[in-house]
Amino acid sequence: MSIRSPAIQSAISLSDSEFLSYFGIETEGLTRKEINEITYFVCLKHLSESVAKLPIRQYTMSEKRGRERVVDEDMERVLNIEPNPYMTASDFWRAIELNRNHYGNGYALIKWYTYGPKKGRLKSLWVLDSNAVTMYVDDAGWLNKKNAVWYEYKENGKAWILSPREVLHFKSSTTFNGLVGIAVRDILKTQIMTANHAEDYLNKLYRGNMFGGKIILQYTGDLNRSAKDTLIKNTERYANSVGTGKFLPIPMGVKAEAMDMKLSDAEFTVLNKLHALQIASAFGIKPNILNNYEKSSYSNSETQQLDFYINSLMPVIKGYKEELSRKLLYRGFLEHDSKELFKLDPVKQMNVLKQGMNNFMITANEAREELGYAYIDHPKADLLMGNGNYITLDQVGEQQKGETNAQNTES
């Protein structure tokens, strides 16, 4: 069985309209035009930039020392600086996240060093066109390994067969079988098409000059084209250049009536805003990201940012962590450093670091690393220090004993 998203062959895909129709999801009428819809574009842009700006760190876990940072120069360069010779890490992860949301699946080809002193180390990562990837599942058990999975990538008339260990596969949060994801645009077809129709409607009004007050000249009988043009020109001349324009002389039998085009009468703005919020909610995007501050305050905006991280972004980067760790590492794990989302002002950051140092939580060098400073080459810079007024429970009373002994010695 072959699965991919979206389909370009006759293979079954979780984004194919024929397959989705079984679940009541209709995709007719959806084209690439949906990315031109402003709300949909803002959601894609915000998610892709949020993921791309978080650096990826490597960690290991041990029973005695717990979680520790590991610095692998090759891994660090590929994941955070230059995945391949043609793009930066920010461009790479933006493209992967954009594909993951727009097509339901984002794919990247993994390349390893195969010889030389770096043999077995990560060499590069390459973005694969989601339209050209087909996932196959051997559900019949023809291969030795039951339910084996592999990928087929087609480009310029050529095809490559890739094993799961050669491909990073990032899925959307909506998946029926856990193997491939479904794009949000396929599920929200009605909302996105409605938003597109609203944009087209406004464009037609602007092009037709239908906004603003207008005057309808009603008359009995019929006038030829020349007479109509003369009537309109004379009326506009009095309105624009004669006197103040408040008075319009019109021929006998002609009645002037004002006409206003108000979108508020049809609740256009309310409905348009509702559709925008519905699309954004499907992505987990908060109203303040759409510049909707009707019910927002400064503290509320901070809460929305935290809620976005916990409920919207955390499931995404958790999926990245699991896929990156199981495909690129044998031990340990890779995860995004979320501190970039909650940058403090310099005064607050310094106070937080001071509290950490004074309570035996971080060393001086660890605090300097957070500030972007170089380590101090001194033994005490890597020691945990703190306020000497703090003592453990089993030390209560020891100070009094020391004072009593000192007094007895003096006497």
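**Notebook: the two largest pockets**

I began with the character of the largest pocket in this predicted model, and sorted by class its lining has eleven nonpolar, five polar and 15 charged residues.

I then looked up how much space the largest pocket encloses, and its volume came out at about 1300 Å³. Its lining is made up of 31 residues, and I noted Y59, D337, K339, E369 and E370 as the ones closest to the centre.

Next I asked which elements supply at least two residues each to the lining of the largest pocket. I found three strands, β2 (56-62), β3 (66-70) and β12 (333-336), together with three helices, α9 (298-328), α10 (346-358) and α11 (364-371). Of the contributors to this lining, α10 has the largest share, which amounts to five residues.

I turned to the second largest pocket, for which I have a volume of about 450 Å³. I count 23 residues in its lining, and those nearest the centre are R100, K171, S172, S173 and V316. Two or more lining residues come from each of α4 (89-102), β9 (167-171), α8 (268-283) and α9.

Which element gives the most to the lining of the second largest pocket? I find that α9 does, with nine residues; I had already entered α9 among the elements that supply at least two residues to the lining of the largest pocket.

Last, I sorted the lining of the second largest pocket by class, and I recorded eight nonpolar, ten polar and five charged residues there.

Methods
Residues numbered from 1 in each chain as written. Predicted model: local features only at pLDDT ≥ 70, side-chain atom pairs only at ≥ 80, totals over all residues. Heavy atoms only, no water. 1 Å grid on protein atoms, 1.4 Å probe; cavity = no way out; pocket = protein on both sides within 12 Å on 5 of 7 lines; lining within 4 Å. Points joined across faces, edges and corners; volume = space filled by probe spheres on them. Helix = DSSP H or I, 4+ residues; strand = E, 2+ residues; numbered from the N terminus. Nonpolar A, V, L, I, M, F, W, Y, C, P; charged D, E, K, R; others polar.
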